[in-house]
Amino acid sequence: MKLADLLQDLLDEQASLDEIVASLDGGDWDRPTPSPRWSVTDQIGHLCYFDRSAAQAVRDPEAFSSEARRLMEASLVSETSGDDFTLGDFRRLSPADRIERWRQGRAELAAAAGTLAERDRVSWYGPSMGAKSFVTARLMEAWAHGTDVCDTVGAHREPTHRLRHVAQLGYITRAWTYVNRGLTPPEGDVRVALTAPSGDLWAWGDVAAAGDNSVKGPALDFCLVVTQRRHMSDTALEVCGESGREWLTMAQAFAGPPTDGPSARERIGL
């Protein structure tokens, strides 16, 4: 897929969440989401802060690196200091101003990402990222945090072809999941074969190298697991082989310190 098409998918994913958020009343913004300590306000504020950071990373890498250092230093102060740094200003806005601030951040990101070439790399928290991976990560974040919002307010988003980006990121970050925890990635592969919302098959992984390790089922369910929004036992996924099961117990398609997803049945019936 061309970078321009990927960027359009990002914009469409953000717009689908915007439709839900724009309909919320003031009380909905304060509702606690499944993410510990985070309200709906915090979910959107998180997207807003890091969309604007992503735009800065493209436009002014040096300024981004300085801001990233400030965030890392602030995060060391207390359990909540990192959130205070990234979300403090956003929390003080009115709901209408929060939506407008988020939309402005998305526009900044779209304008900055539109200047990237296919082979460009972008500084980020940790290693730099290729342009396509960079945009894909922003789409994954919009979808994952949007899932938290939808779970909280009871909204429904129809699964789309855009899940392919999230699923692919989930597959290619398998080794990262282990390295991020200080573990050695296991040898071999895991065959991932998913049913797309359209009914098509999306597949990754070398069959010979995977052996009996495989993951099959709905693409939506796989995306929920690798973004730590559902436990694999609460999905329709068929997971075979020791390596396949081990991976999905700790899969983490996003950057940051290692975290554990929900336990079995923790997010059922939200």
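This passage describes the packing of helices, the nonpolar cores and the cysteines in a predicted model.

The packing of two helices is considered to begin with. Helix H1, which covers residues 3-21, and helix H5, which covers residues 95-113, have axes that come within 11 Å of one another and cross at roughly 175°. Because of this crossing angle, H1 is roughly antiparallel to H5. On the side of H1, the contact is made by Leu7, Leu10, Leu11, Gln14, Ala15, Leu17, Asp18 and Val21, while H5 contributes Ile99, Trp102, Arg103, Arg106, Leu109, Ala110 and Ala113. Sorted by character, the residues of this contact comprise 11 nonpolar, 1 polar and 3 charged.

Two residues of H5 illustrate the surroundings of this helix. Arg106, which has its place in helix H5, has a relative accessible area of 13% and is therefore counted as buried. When neighbours within four places in sequence are left aside, Arg106 is in contact with Gln14, Ala15, Asp18 and Asp51. Leu109, which also lies in helix H5, is buried as well, with a relative accessible area of 2%. Not counting residues up to four places away in sequence, Leu109 touches Leu10, Gln14, Asp51, Ala54, Ala55 and Arg138. Although Leu109 and Arg138 are 29 residues apart along the chain, their C-alpha atoms are separated by 9.5 Å.

The nonpolar interior was examined next. The largest nonpolar core has 57 residues, and those with the most contacts inside it are Trp124, Phe134, Val192, Val215, Phe222, Trp247 and Leu248. Helix H6, spanning residues 131-153, supplies the largest share of this core, namely 8 residues. Apart from this core lies another, of 13 residues, which includes Trp29, Leu47, Ile99 and Val149. Phe222 gives a view of the surroundings of one residue of the larger set: leaving aside neighbours within four places in sequence, Phe222 is in contact with Ala167, Gly170, Tyr171, Val192, Leu194, Val215, Leu237, Trp247 and Leu248.

Phe222 is also one of the buried residues of helix H10, the others being Ala219, Asp221, Cys223, Leu224, Val225 and Val226. Because 7 of the 8 residues of H10 (residues 219-226) are buried, this helix is largely enclosed by the rest of the structure. The elements that cover the buried residues of H10 include helices H6, H7 (163-172) and H11 (242-250), together with strands E3 (191-195), E4 (201-204) and E5 (214-218). Just after H10, Gln228 takes a positive phi of about 60°.

The cysteines were considered last. A disulfide requires a pair of cysteine sulfur atoms within 2.5 Å, and by this rule the count comes to 0 disulfides. Cys48 is in no disulfide, since the nearest cysteine sulfur, that of Cys150, is 18 Å away. With a relative accessibility of 4%, Cys48 counts as buried. For Cys150, the closest cysteine sulfur is that of Cys223, at a distance of 14 Å, which is too far for a bond. Cys150 is likewise buried, with a relative accessible area of 7%.

Key
Residues are numbered from 1 along each chain as its sequence is written. This is a predicted model: local features need pLDDT of at least 70, side-chain atom pairs count only at pLDDT 80 or more; totals for chains, interfaces and linings use all residues. Side-chain values use heavy atoms; hydrogens and water are left out. Buried means under 20% relative accessible area, exposed over 50%, partly exposed in between (1.4 Å probe, protein chains only). Axes are lines fitted to C-alpha atoms, for helices over the stretch in contact, and angles run from 0 to 180 degrees between N-to-C directions. Helices (H or I, at least four residues) and strands (E, at least two) are DSSP runs, numbered from the N terminus. Angles under 35 degrees count as roughly parallel, over 145 as roughly antiparallel, 65 to 115 as roughly perpendicular and the rest as oblique. Contact means heavy atoms within 4.5 Å. Ala, Val, Leu, Ile, Met, Phe, Trp, Tyr, Cys and Pro count as nonpolar, Asp, Glu, Lys and Arg as charged, and the others, Gly among them, as polar. A nonpolar core is a set of buried Ala, Val, Leu, Ile, Met, Phe, Trp, Tyr and Cys residues joined through side-chain atoms within 4.5 Å.
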